[in-house]
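Colleague: Could you take me slowly through one part of this model, the charged side-chain pairs, and set each pair in its context? Please state the cut-offs as you go.

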Amino acid sequence: MIKKILMALVVALPLCAWAQAPKFGVVDVEAILPNMAEFAEAQTKLAEASKTYESEYAKINEELQKKFAEYQELEKDPQTLQSIKERRMQDIQELDKKAQQFAQTAQQDIQRQQAQLMQPIQEKMMNAIKAVGAENGYLMIFPEGAAAYTSTDVTDVTPLVKAKLGVKDAPAAAK
């Protein structure tokens with residue numbers, strides 16, 4: 001009797017698994033992110049920070065150009081001592097080094113700010129994808145374009161994730 005029950009289970013289990021084939025989905029994150037209010041806000045903050053750094057860098061660069069022009073005038077003057085010319089050249093080189101360091105620091109700070117601003121947005125996106133997967137019985141949801149091949153049985157869940165996030169497509173002119 002036990003053998004018959006086990007045999008029936010062995011035959012029935014694969015049929016049950018086949019009857020409920022696993023569902024796979026793909027999501028186009030790049031189509032969702034630009035339409036999220038949080039993303040636009042982060043982009044605005046990054047643009048403002050970048051503009052501030054660019055303005056400051058322009059001031060440093062302007063000072064550098066001014067000193068270089070003064071140095072060129074000294075270079076033309078035969079009355080100016082060589083030691084003064086060398087000192088001015090050192091000043092220019094130091095200022096140029098400071099400008100380069102400033103540019104590098106600014107770039108690192110912008111990258112750090114971007115990571116900080118994007119982290120909660122990415123978490124919100126992942127939570128929405130997980131919720132869509134759980135609510136709709138998906139075994140896995142992959143990012144669009146991550147797979148070398150995608151079967152026609154794979155569902156694009158991008159509209160579901162957009163709905164979960166409350167994201168609407170931007171008008172065509174805004175894109």
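Modeller: What follows is a close look at the salt bridges, with a short look at a polar contact and a surface patch afterwards.

This is a predicted model, in which local features need pLDDT of at least 70 and side-chain atom pairs count only at pLDDT 80 or more, while totals for chains, interfaces and linings use all residues. Residues are numbered from 1 along each chain as its sequence is written, and side-chain values use heavy atoms, with hydrogens and water left out.

A salt bridge is taken here as a side-chain nitrogen of Lys or Arg within 4 Å of a carboxyl oxygen of Asp or Glu, and by this rule the count comes to 6 salt bridges. One of them joins Glu 38 to Lys 124, with the closest N and O atoms 2.3 Å apart. Because Glu 38 belongs to helix α3 (residues 37-76) and Lys 124 to helix α4, this pair ties together parts that are 86 residues apart in sequence; helices here are DSSP runs of H or I with at least four residues, strands are runs of E with at least two, and both are numbered from the N terminus. Glu 38 is partly exposed at 29% relative accessible area, and Lys 124 is likewise partly exposed, at 33%, where buried means under 20%, exposed over 50%, and partly exposed in between (1.4 Å probe, protein chains only).

Within helix α3, Glu 41 and Lys 45 are 4 residues apart and so separated by about one helical turn, and their side chains meet in a salt bridge at 3.6 Å, N to O. Glu 41 is partly exposed at 48%, as is Lys 45 at 40%.

Helix α4 holds another pair, Arg 87 and Asp 91, also 4 residues apart, about one turn of the helix, and their closest N and O atoms are 3.1 Å apart in a salt bridge. Arg 87 has a relative accessible area of 42%, and Asp 91 has one of 23%.

Asp 109 also lies in helix α4, which spans residues 82-136, and is buried at 13%. The side chain of Asp 109 makes a polar contact (a pair of N or O atoms within 3.5 Å, one able to donate a hydrogen and the other to accept it) with the side chain of Gln 113, at 2.8 Å.

Lastly, Phe 142 in strand β2 (residues 138-143) is partly exposed at 34% relative accessibility.
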